[in-house]
Amino acid sequence: MKIGNRIINNKSKPFVIAEIGINHEGDMKKAMKMIYDAYYAGCECVKFQCHIAEEEMTNDAKEIIPGNCNENIFDIIDNCSFSKAQEKMLKKTVEDLGMIYLCTPFSIAAADRLEEMGVLAYKIGSGEMNNLQLIEHVAKFGKPMLISTGMNTIKSIKKTVSVVEKYNIDYCLFHCVSIYPTPYEKVNLTGVTDLKNNFDNALIGLSDHSIGITSCLGAYMLGCNIFEKHYTSFKEWPGPDIEISITPKELKDLITNLDILE
């Protein structure tokens with residue numbers, strides 16, 4: 001796989017993605033702070049999420065309140081969304097620092113926005129892995145796809161892979177457990193081996209929701225090439241994914257330890 005000038009394969013340096021996601025809560029200053037902190041930690045790539053609330057949710061979402069929040073999911077996502085102009089500014093900042101900007105679309109409209117912005121690759125979250133209409137729409141762009149597989153069986157993953165392979169693009173499958181946070185006894189790193197044994201054409205990665213960096217180190221020894229961790233500048237900040245996020249120091253430790261293992 002090649003993302004920009006970065007080649008990722010079984011012989012390359014491990015590729016770490018700092019997932020800012022929506023930890024910024026719609027605050028550009030916080031988003032910028034996290035970008036610079038990731039840069040100084042030595043990270044190659046930061047990732048955001050592109051949400052256009054009315055394109056990805058129905059009005060029923062306004063009645064759904066997640067267990068770790070006090071407001072409905074529609075308002076949470078809407079408040080954590082950036083405009084196209086803001087996302088372009090974030091992308092420019094990331095790339096001016098020599099890093100790779102990635103972003104997850106949660107709708108076809110979001111994917112079209114990212115394509116217009118000229119992103120180098122696409123990350124698909126576990127919740128959209130079965131959205132085959134979105135998968136095919138993104139695959140037609142002809143760019144690398146990084147796909148999380150949380151909550152899915154090998155059988156359902158094969159349906160997504162068949163769509164992606166139809167367009168002859170490079171792709172990575174992330175082993176992922178959709179428990180926030182994931183207890184260590186549930187991390188199930190044997191899932192990495194399952195993916196390797198079933199998908200010969202895929203790079204294998206880990207999108208990890210456990211606390212700290214230990215799971216990533218174990219996954220590297222099993223053959224993972226790409227690692228994604230939720231990330232924040234300060235654990236004291238509020239935010240939906242703060243509990244499972246690593247700090248800049250932990251991000252630096254992850255990169256350093258993966259380099260040692262390599």
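**Close-up 1. The negative surface patch of the predicted model.** A patch here joins residues of like charge within 9 Å that have over 30% relative accessible area and no salt bridge. In this predicted model, such a negative patch on the surface is made up of Glu54, Glu55, Glu71, Asp75 and Asp78. Two elements, helix 2 (53–56) and helix 3 (73–79), each give two or more residues to the negative patch.

**Close-up 2. Glu71 and Asp75 within the negative patch.** Glu71 lies in the loop between helix 2 and helix 3, and because its relative accessibility is 37%, Glu71 counts as partly exposed. Asp75, by contrast, belongs to helix 3; its relative accessible area of 31% likewise places Asp75 in the partly exposed class. Between the C-alpha atoms of Asp75 and Tyr101, which are 26 residues apart along the chain, the separation is 26 Å.

**Close-up 3. Cys50 and Cys216, two cysteines that are in no disulfide.** A search of the whole structure finds 0 disulfides. For Cys50, the nearest cysteine sulfur is that of Cys103, at 5.0 Å, whereas a disulfide would require the two sulfur atoms to be within 2.5 Å. Cys50 is buried, because its relative accessibility is 0%. Cys216 is also in no disulfide, and the nearest cysteine sulfur to Cys216, which belongs to Cys224, is 8.3 Å away. With a relative accessibility of 0%, Cys216 too counts as buried.

Terms used:
Residues are numbered from 1 along each chain as its sequence is written. This is a predicted model: local features need pLDDT of at least 70, side-chain atom pairs count only at pLDDT 80 or more; totals for chains, interfaces and linings use all residues. Side-chain values use heavy atoms; hydrogens and water are left out. Patches are made of residues with over 30% relative accessible area and no salt bridge: like charges are joined within 9 Å, nonpolar side chains (Val, Leu, Ile, Met, Phe, Trp, Tyr) within 5 Å. Accessible areas come from the Shrake-Rupley method with a 1.4 Å probe; for residues, only the protein chains shown count as cover. A salt bridge is a side-chain nitrogen of Lys or Arg within 4 Å of a carboxyl oxygen of Asp or Glu. Lys and Arg count as positive and Asp and Glu as negative; His and the chain ends are not counted. The place of a charge is taken as NZ of Lys, CZ of Arg, CG of Asp or CD of Glu. Helices (H or I, at least four residues) and strands (E, at least two) are DSSP runs, numbered from the N terminus. Buried means under 20% relative accessible area, exposed over 50%, partly exposed in between (1.4 Å probe, protein chains only).
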